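Colleague: I should like to learn how to read a helix and a sheet in a structural model. May we take one example and work through it together?

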Amino acid sequence: MADIEIRNVYKIFGNKTDAALALARAGRPKSEILAETGCSVALRDVSLTIGAGRIFVIMGLSGSGKSTLVRHINKLITPTSGEIRFDGVDILGFDAKALRSFRMQRVSMVFQSFALMPHRTVLQNVVYGQRVRGVSKADARAIGMKWIEAVGLLGYENKYPSALSGGMKQRVGLARALAADTDVILMDEAFSALDPLIRADMQDQLLQLQQTLSKTIVFITHDLDEAVRIGSEIAILKDGGLVQVGRPDDILDRPATDYVARFVQRRQPAGHAHG
């Protein structure tokens with residue numbers, strides 16, 4: 001289990017990051033910083049604590065910084081300034097070997113684009129992380145088949161990704177993350193490309209699995225319905241800054257800003273369940 005702390009993280013893309021960082025810290029808007037320095041402020045002073053064993057949702061519209069933020073948690077992106085701590089340890093200090101081990105043992109990722117290897121079967125894709133770790137073929141197969149069954153793909157283990165629908169590919173991605181048996185699973189818009197019925201089905205499946213697994217899941221979405229349905233806690237980003245963090249009820253009943261209130265108004269009225 002892992003507690004994740006994101007402390008005062010800024011991420012600035014461009015060549016004059018020092019100048020842009022100083023302007024961002026002074027509270028200058030993104031558009032002015034871009035005009036003056038040519039730099040884009042992707043994240044601005046984001047601090048979050050993500051408790052172990054829950055589904056934590058980070059949401060916002062396109063360009064809000066949510067996908068950039070989630071990629072800081074496994075150091076696919078390094079912040080311009082700030083800290084990322086796992087159980088109190090700042091992962092930004094890891095060398096290449098420590099980082100490789102961290103990504104292999106502690107944190108896995110499910111992408112919107114599925115990111116499956118086309119020349120490997122469903123089973124080979126699912127057990128890839130285990131095989132890289134040196135787990136024997138037979139042991140890896142047993143682990144892989146368990147998760148293939150858990151995500152409802154039994155019978156497809158020897159098929160190649162080209163034979164699968166989008167929903168099935170997403171299930172393979174989920175099974176691969178679960179088979180890696182990491183403490184933390186990062187899911188970047190994992191269900192966004194799916195049609196609504198399959199998407200609801202995948203949300204149900206995730207909630208069901210989570211009841212038994214209690215993983216730390218960081219889930220990125222631009223959809224408030226999805227956030228409310230699966231999140232124990234929701235953080236809302238706008239223009240790289242954090243505008244509200246709270247339980248789904250807090251967000252729905254007590255929006256902190258007009259921006260959040262507009263999100264809530266657009267939402268379809270429905271009962272909200274969350275774990």
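Modeller: The discussion below takes one helix and then one sheet of this predicted model.

Colleague: How does the span of helix α9 agree with its 18 residues?

Modeller: A helix is expected to span 1.5 Å times one less than its number of residues. For α9, residues 196-213, this gives 26 Å, and the end C-alpha atoms are 25 Å apart, which agrees.

Colleague: Which residues of α9 are buried, and which are exposed on the other side?

Modeller: Buried means under 20% relative accessible area, and exposed means over 50%. In α9, Arg199, Met202, Gln203, Gln205, Leu206, Leu209 and Gln210 are buried. Viewed down the helix axis, these buried residues fall within an arc of 165°, so they line one face of α9. On the other side, Leu197, Gln208, Gln211 and Thr212 are exposed.

Colleague: What covers the buried residues of α9?

Modeller: The cover includes the strands β3, β7 and β8, together with the helices α7, α8 and α10. After α9 comes Ser214, which has a positive phi, near 50°.

Colleague: In what order do the strands of the open sheet lie?

Modeller: The order of the 6 strands is β6-β7-β8-β3-β9-β10, with mixed pairing. An edge strand pairs on one side only, as β6 and β10 do here. From one strand to the next, the twist averages 15°.

Colleague: How do β9 and β10 pair?

Modeller: They pair in the antiparallel sense over 5 bridges. Lys238 has Gly241 of β10 as its bridge partner.

Colleague: Which strands does α12 lie across?

Modeller: Helix α12 lies across β3, β9 and β10, and runs at about 115° to β9. Helix α8 lies across β6 and β7, at about 180° to β6.

Notes. Residues are numbered from 1 along each chain as its sequence is written. This is a predicted model: local features need pLDDT of at least 70, side-chain atom pairs count only at pLDDT 80 or more; totals for chains, interfaces and linings use all residues. Side-chain values use heavy atoms; hydrogens and water are left out. Helices (H or I, at least four residues) and strands (E, at least two) are DSSP runs, numbered from the N terminus. Buried means under 20% relative accessible area, exposed over 50%, partly exposed in between (1.4 Å probe, protein chains only). The arc is that of the directions from the helix axis to the C-beta atoms. Contact means heavy atoms within 4.5 Å. Two strands pair if DSSP finds at least two bridges between them. Axes are lines fitted to C-alpha atoms, for helices over the stretch in contact, and angles run from 0 to 180 degrees between N-to-C directions.
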